[in-house]
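Colleague: I would like a close look at a single part of this predicted model, taken slowly and with the reasoning laid out.

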Amino acid sequence: MAILNLHHLRLFRAVARDGTLTGAARQLNLSPSALSTQLRTLEEQLGHDLFERQGRGLILTEAGRIALDHAEAIFRTAEDLSATLRNAAGGRRALRIGALATLSRNFQIGFLRPLLTRPDVEIVLRSGSQGELLRGLDALALDVVLTNLAPPRDAASPYLIHPLDEQPVSLIGTPARLGPGRVALADLLTSHPLILPTPETALRAAFDGLVARLGVSVRIAAEVDDMAMIRLMVREDAGIAVIPAIVVQDELSSGLLREAATLSGMAESFLAVTLDRRFPNPLLRELLAQRR
């Protein structure tokens with residue numbers, strides 16, 4: 001097979017995105033006939049038709065969809081190489097981080113603290129769902145995803161998982177609610193409404209197992225999938241919360257909240273998820289090395 005012309009691939013991608021030859025030609029400042037000729041050349045090189053007509057538009061054939069996936073990967077890799085080598089040459093460098101929307105902000109700040117005051121570093125921080133963030137990682141739009149949910153991993157998985165920290169989980173409440181002194185765990189759980197993580201979380205599964213072992217019934221005030229919202233609800237004295245102490249460390253230090261008990265055998269894991277890249281971001285390598 002002849003060596004593929006990246007210019008032809010770029011033109012093909014533009015037509016695939018626009019869905020029409022005339023629209024793509026207008027964007028590319030080419031005549032439709034010139035663009036059509038170049039596409040035919042690419043199809044001859046690949047040995048397959050890439051488009052079929054549907055009304056006035058063009059839709060991708062099966063071969064076209066495969067070609068577009070590869071074209072996108074090629075251009076993402078080229079952009080990543082260019083950005084990485086520009087950063088390596090000096091000047092201001094960027095670290096692109098995705099953080100699970102429900103992840104502790106205190107943990108995120110702690111992870112980023114070594115870079116926060118560096119004048120040569122720009123931090124780009126995006127939050128979202130696990131699926132959104134992993135897609136951004138796959139597309140090389142992110143250097144790392146911070147999460148407490150390990151993505152599924154098997155022999156075909158592209159992800160590298162770096163354990164960063166493990167924080168104990170506690171029962172946290174206001175001093176007014178908890179009162180002076182220590183109370184037995186079973187009494188705490190049965191005497192107060194509880195603010196819990198949602199049932200699909202690993203933390204909730206561990207808590208439900210603890211309750212079953214103790215043989216007690218609990219009253220649930222709220223089930224919340226966002227640690228920041230759990231923090232706000234316990235500050236409002238809606239109940240006592242099952243939460244890692246790091247999430248409310250400022251409130252614990254100031255005395256606004258108090259730790260009633262540490263839940264034995266329960267911990268929140270914090271993870272960094274990356275791809276095995278040829279040109280990893282050196283800033284990320286620095287941060288991960290400090291966590292070892």
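Which residues do ring pairs link into a cluster? Please take that group apart as far as you can, and then turn to the largest pocket, saying what lines it.

Modeller: The cluster linked by ring pairs is made up of F107, F111 and F270. Ring pairing rests on a cut-off of 6.5 Å between centres, and by this rule the count comes to three aromatic pairs. In the pair formed by F107 and F111, the ring centres lie 6.5 Å apart and the planes meet at 25°, so this pair is stacked, given that planes under 30 degrees apart are counted in that way. Both residues belong to helix α5, which covers residues 105–116, and because F107 and F111 are four residues apart there, about one helical turn separates them. As for exposure, F107 has 1% relative accessibility and therefore counts as buried, and F111, at 1% relative accessibility, counts as buried too, the limit for that label being under 20%.

Turning to the largest pocket, its volume is about 390 Å³, and its lining consists of 23 residues, with T102, N148, L149, T201 and A202 lying nearest its centre. The elements that contribute two or more residues to this lining are α9 (202–214), α10 (227–235) and β10 (258–275), and it is β10 that gives the most, with five residues. Sorted by class, the lining of the largest pocket comprises 12 nonpolar, seven polar and four charged residues.

Methods:
Residues numbered from 1 in each chain as written. Predicted model: local features only at pLDDT ≥ 70, side-chain atom pairs only at ≥ 80, totals over all residues. Heavy atoms only, no water. Phe/Tyr/Trp six-rings, centres within 6.5 Å; stacked < 30°, edge-to-face > 60°. Buried < 20%, exposed > 50% of the residue type's maximum accessible area, 1.4 Å probe, protein only. 1 Å grid on protein atoms, 1.4 Å probe; cavity = no way out; pocket = protein on both sides within 12 Å on 5 of 7 lines; lining within 4 Å. Points joined across faces, edges and corners; volume = space filled by probe spheres on them. Nonpolar A, V, L, I, M, F, W, Y, C, P; charged D, E, K, R; others polar.
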